[in-house]
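Colleague: Please take me through the nonpolar core of this model. I am new to this, so keep the steps short.

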Amino acid sequence: MAARADAIVTAAMRPDLFSGLGVISLSRTIVFATLAFLVLAGFAFRSNNLSVEGLSEDELNKLNAVADYRQNGLTSANGEHPLLMKALQTASLYVAEKWNNTSVGSNPGWTIAPETALRLPSTIFGAATSILIFILVAELFGAEVGLIAAALWTFDPSAIGFNRIAKEDTFLLFFFLLANIFWLRSQRVAESESPKKAQRYYWATAAAFGAMLASKYLPQLIAITISYYWLFQNIPQTQWRLGKTRMLKFFFVMGIVFVAVNPTILLPATWRQMGQFAGQKLVGHDGYEFMGQLYTHRMTDWLNGIPWYFYHLFVLVKLPVLTLAGFLIGLPLLFRRKLGDGRYFILLWLFIWMMTFSFAGGKFTRYMTVVLPAIFITSAIGIQATGRWISEKLAAVLSQPGIKPYIGTGVALVVIAFSVLASAQISPHFRLYTNVLGGGAEKAGYYFPHDEFYDAGLKDAVYEIAKHSGTGARVASETPGLAAYYAGRAGRADLVNVSLSNPTSVNQLREGDYIIDARGRRYFSNDKLVTALKSSVTPVARLSLESIPSVEIYRVDERLLAVVSGRLSVVR
C-alpha cells in the first residue's frame, strides 16, 4: 500500500486539514461549552414526556425481566438479550420507586411513571453519545466536523426517537464509539509518545468492546475496527501494532469484561433462550408491513423477506432534507485522498453495517441507530465542504476574505436549525417524522408503521376500553400481554385479553367484547379479518398520536360477529 508511515496519525494532530472549511481556531472553552449545551439539549428532547407513549411489547419484556431479577435474583428472563441494559433499567426503576415513596415524589405531577424509569437510561446514554461522536470525529477529521456531527446526532428526530425506547441499540452504539475512541487514541499515543503508554488504551478498547457485547450480541461491529487496523499493516515502521501476544490479551480482557457485566451468560437456561432466538422460535408474528405491503420477517428469508432497500429508503425519507443533502455531498468526498485516512474508517463502518443488515430478511428501523453517526459524520463533511465553497464564492464577489469562517459556520447552523425545527414540530412522537421527500406529515406511519408507532397508542386504547367495557369482557389485539398489563394499570384485571391472530379466540368473541386494530400490527394472520372490519364496521373510537391516526377500537355487535364468522376461514 502506497502510504506514508504517519498516515494513520489522526486528523486531530493536523488542524490544517480542514482549514478552508470554517473557523478552525476553537478554544477548549468554546468546545466544552458547546458539548455541554448539546448534551443538555439532547437530554431535554429525549426525556420530554417519556411516558406519553405506552410501552411496546418488546419494552414490556424488559420490564418483566427486571421484575424477575428483583424477585428472584439473576435469572434467564429475556435471556436472548444481554444483561447490561436491563441492569441499568433495574437500578432506574428501583430509584424511581424510592422517589415515588417520598413526600415529594408521591405528589401528583412529580411521580415517575414506569415508562419513564424504564426508558431513562437510554435517554441518558443517547444524549451522552454526542460527546463520543465529537471525540471520535475530532480524532479523524478535526474539531469543526466533530461539532457538526455531534449536533446532527443531538437534534435528529430519528436519533432522538431511537433513544426514547428501552432497547439495546443505544447502548450498543455508545460502547462501540467508546471502544473506537480508545483504539484511535492508542494509535496516536503509540506514534507520538511510546508503544508502552499506548497499552492502557488497548485494554480500555477491549473493555469497551466487552461492554458493547454485553449490550447486544452483535460481534460483527468489531470487524469494523479490526478491518481498519489491518488495512494499514503494510505501512513500515509503525509503533501501534499489537502483535500476537497482545492480541490474545486483548480478546481475553474483552471476554472478562463481557462476563463481568453480563453474568447471566453463565446460566444454562440463558443459552437455551439464545438457541431458541437464533432458531427464530421466539418470533411472535408472521410478517412486517413496509410501504403498505406485507413481507415475511425471518432473518433467514434473506432477499425473499423485507426488500434490501429498506434502510436506503429510511435514509431518504427520515433524515431532514438538509442533513440528507449534506450526506449526498459528503459521500463522494470519502473517496478523495485529501480527506485523510480517517475516511477508511467511515467507509468500513458504512459497508460492514450495510452487509450485515441490508440483505437479511428481517429488519427493524432501530437497527439504524448504530450507523446513524456514520451518516451524520459524512453529512458533516459535506456540510463543511459546502460551506467552504459558498464562502469562497461570496468572499471573492464581495472582496471580503475575512467573512469566510462566518459563512461556513452559518451554513452549518442553518442545517442544524432544520433538524431542531423538525424535532420540535414532531415532538414527542419523534419516530413518526417524515421529511418532505417522503410526503411529510401526511405520510407519517406509512413507510415503517411497526417501528414508527411501536405500540405507542395501545395504552390509551386499553384505558378507553376500561372505561366502557363490562365485567369480564374480552379484548382481542395483537399484543394481549401488553393489553393485560395496561388493563391491570387501569384497575381492570377482569378483562380477558386474547390474540387477534388466534382463530379460536376470535370465534369466542361475543357482543360487548372489543377488538383493537393498532397500526403497525398488521400481519398475514390478521390481514383479511381486519380489512373486512374496516370496510364493513364503524369503529367506536379512533385514537391518534397528535394528528396521526394510530388505533381503531371496535365494539363487538351483531354486525361485527357476522363479519367475523364470514371471514374466519381466512384467519390463520
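Modeller: Start with one term: contact means heavy atoms within 4.5 Å. Note too that this is a predicted model.

Now take Trp349. Leaving aside neighbours within four places in sequence, Trp349 is in contact with Leu136, Leu173, Phe176, Leu177 and Ile224. The list of its contacts also includes Val370, Val371, Pro373, Ala374 and Ile377.

Next, the core itself. The largest nonpolar core has 120 residues. Which of them touch the most other members? They are Phe176, Ile346, Trp349 and Met368. Helix H7, residues 169-192, gives the most to this core, with 13 residues. Another core lies apart from it and has 27 residues. Among those 27 are Ala117, Val462, Ile465 and Tyr486.

Now turn to the surface. A nonpolar patch there covers about 840 Å². Its makers are Met291, Trp302, Leu303, Trp308, Tyr309, Phe351, Met355 and Phe359. Met355 sits in helix H14, residues 342-357. The relative accessible area of Met355 is 44%, so Met355 counts as partly exposed.

Compare a loop residue, Gly440. The loop that holds Gly440 runs between helix H16 (404-426) and helix H17 (449-453). Is Gly440 buried or exposed? Gly440 counts as buried because its relative accessibility is 12%, and buried means under 20%. Beyond its neighbours within four places in sequence, Gly440 is in contact with Thr434 and Asn435. Val317 is 123 residues from Gly440 in sequence, yet their C-alpha atoms are 8.6 Å apart in space.

Note on methods: Residues are numbered from 1 along each chain as its sequence is written. This is a predicted model: local features need pLDDT of at least 70, side-chain atom pairs count only at pLDDT 80 or more; totals for chains, interfaces and linings use all residues. Side-chain values use heavy atoms; hydrogens and water are left out. Helices (H or I, at least four residues) and strands (E, at least two) are DSSP runs, numbered from the N terminus. Buried means under 20% relative accessible area, exposed over 50%, partly exposed in between (1.4 Å probe, protein chains only). A nonpolar core is a set of buried Ala, Val, Leu, Ile, Met, Phe, Trp, Tyr and Cys residues joined through side-chain atoms within 4.5 Å. Patches are made of residues with over 30% relative accessible area and no salt bridge: like charges are joined within 9 Å, nonpolar side chains (Val, Leu, Ile, Met, Phe, Trp, Tyr) within 5 Å. Accessible areas come from the Shrake-Rupley method with a 1.4 Å probe; for residues, only the protein chains shown count as cover. A salt bridge is a side-chain nitrogen of Lys or Arg within 4 Å of a carboxyl oxygen of Asp or Glu.
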